[in-house]
Amino acid sequence: MELLKHIASSIGVLCAMLVVPVTKAQHIEEYNRSSLYTITLLHSEDRMYNEIFLTALDMPVPDRYNDNSLSLRVVGAPNAKGKMNYSPEKMSAEIAKFLNENHIGRRMVARWFDRDKNTGAFSTATLEQRGHYNLSALDLQRAQWTIDGRMYIEDADVELIPQTFVIVNDITYIDKEKNAQIASSILSALGSAAGSIGNGLSNSVAGAGSIGSLAELTLNAGADISDLIAGFTVDIRSYLFQLEWNEEIANKFYLDYFYTDTIDLVKKAAFEADETSFRMKYLGTYNARSAKTSPRGLYEPAQVFRKVLTRATDKNIVELQKQYPVFKVTTVITGINDQNEAMLSIGLKEGVNPKSKYEVLQRELKNGKLKYTRVATLTPVAGKIWDNRYMAAEEEAENAQLGFTAFKINSANADLLPGMLVREMR
């Protein structure tokens, strides 16, 4: 660990911050903003395959996560015959095999350290940027920037990099024959992705630009779009994986592979040949069917597909956060209103409901480790929960224009300020 601290100090991963003492602490635990990369599995024999394919390429990573996306966004899933033989357990093993054979873990590490594909050199720009983002507005105001007073969080890589996740969404179209026929009659064929898709996973369906574009999915007939909305339903099973990164792996990375300036061909070749050190481990899965879609505000097929898929995957992410605390996201207090309510930029998209409960966390630095102490709890105020689901504003949903959710502060003596960290409690 001393080697890591020396290297982290020399490259200046993060600036220090002045920590304000906290009293009445209930518990202390580590917590950092997570990074996410999503991959979509598609079944080429399904109706609406092309439309779902194009939509999957266009879907962004949820804004509560750092975007760790690679160029590989869509892959071929088992065909209909093979799919029947794939239980969630077998499919998770197949996906894990696919991720590791395609070196996704190693590519995640390369992305964290901004590896130059030509020289093999690394940098800490992304670590610095994301580390600073993890500092709340209040922390930044109180930070000391003098050279002599600077104190680095020396093992920031060990705190940030393990919070790297991959979600693989297995999407199956629920075929309702009447509406499927309507959809087929009003949409032009967009072609199909190259490559054969068999009983295993195929990486022949790659990143953006493979076929067509969402701009091609246009339609002006209101009656047809209503029929399409009524018939477009998908089943999505999301598989959650986490990058394995610990002190032993970090030591190996720094000793055997890390360099920043002069090209080191030995280290470059060694990193590219390492097929075992950087792995993705399976955490769990959640399955849900898309909910009924409101036609209000929808004028093109592309909007239908994007709305259905985005909301369904957001729902799965919320459920996975509940099952696996390590995957939970954080947010910050954006303001305190004149009713002494805390305002947060989260809402229905993140699963906020009248029974939700959140904790306010304050930072502490102990023995070089960033810790978090609970100083208050929050509950949503009835009637003030923001509907921030995808396209909620376009469908004129209730509370879609709020821009925030108001929370009752349940701790009478808490002195809360904008910028303080908040996370959902179990």
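**Briefing: an aromatic cluster and its surroundings**

Phe113, Phe122, Trp245, Phe253, Tyr254, Tyr257, Phe258, Tyr259, Phe271 and Phe278 form one aromatic cluster. In such a cluster, rings of Phe, Tyr and Trp (its six-membered ring) pair if their centres lie within 6.5 Å; planes under 30 degrees apart count as stacked, over 60 as edge-to-face and the rest as tilted. This is a predicted model, in which local features need pLDDT of at least 70 and side-chain atom pairs count only at pLDDT 80 or more, while totals for chains, interfaces and linings use all residues. Residues are numbered from 1 along each chain as its sequence is written, and side-chain values use heavy atoms, with hydrogens and water left out.

**The chain as a whole**

- The protein chain has 13 helices and 13 strands; these are DSSP runs numbered from the N terminus, with helices (H or I) of at least four residues and strands (E) of at least two.
- Of its 426 residues, 55% count as buried, where buried means under 20% relative accessible area, exposed over 50% and partly exposed in between (1.4 Å probe, protein chains only).
- Among contacts (heavy atoms within 4.5 Å) with a separation of 6 or more, 83% join residues 24 or more positions apart.

**Confidence**

- The mean pLDDT (the predictor's confidence in each residue, from 0 to 100) is 74, and 66% of the residues reach 70 or more.
- Residues 1–31 have pLDDT below 50, and this stretch makes 93 contacts in the model beyond near neighbours in sequence.
- Over residues 178–199 pLDDT also stays under 50, with 47 contacts beyond four places in sequence.

**Nonpolar cores**

- The largest nonpolar core (buried Ala, Val, Leu, Ile, Met, Phe, Trp, Tyr and Cys residues joined through side-chain atoms within 4.5 Å) has 37 residues.
- Those with the most contacts inside this core are Leu99, Phe113, Val166, Val168, Phe241, Trp245 and Phe253.
- At least two core residues come from each of strand 2 (35–42), helix 4 (88–101), helix 5 (104–112), strand 5 (164–174), strand 6 (233–243) and helix 11 (247–256).
- Beyond four places in sequence, the contacts of Val166 include Leu36, Leu99, Phe241 and Met280.
- Another core, of 20 residues, lies apart from the one around Val166; among its members are Tyr49, Ile52, Val74 and Leu309.

**Aromatic pairs and helix 11**

- The count of aromatic pairs comes to 23.
- Phe113 and Phe253 form a tilted pair, with 4.6 Å centre to centre and 35° between the planes.
- Phe113 lies in the loop between helix 5 and helix 6 (125–134) and Phe253 in helix 11, so their pair ties together parts that are 140 residues apart in sequence.
- Phe253 also pairs edge-to-face with Tyr254, at 5.5 Å centre to centre and 65° between the planes.
- Within helix 11, the buried residues include Ile249, Ala250, Asn251, Phe253 and Tyr254.
- At the N-terminal end of helix 11, Asn246 acts as a cap, with a side-chain oxygen 3.2 Å from the backbone nitrogen of Glu248.

**Two residues in other helices**

- Gln321, in helix 13 (residues 301–323), is buried, with a relative accessible area of 9%.
- Apart from neighbours within four places in sequence, Gln321 is in contact with Tyr65, Phe327, Lys328 and Val329.
- Leu265 lies in helix 12 (residues 265–273) and counts as exposed at 62% relative accessibility.
- Leu265 and Ala121 are 144 residues apart in sequence, and their C-alpha atoms are 9.9 Å apart in space.

Conventions: A polar contact is a pair of N or O atoms within 3.5 Å; within protein, one must be able to donate a hydrogen and the other to accept it, and residues adjacent in sequence count only if both atoms are side-chain atoms.
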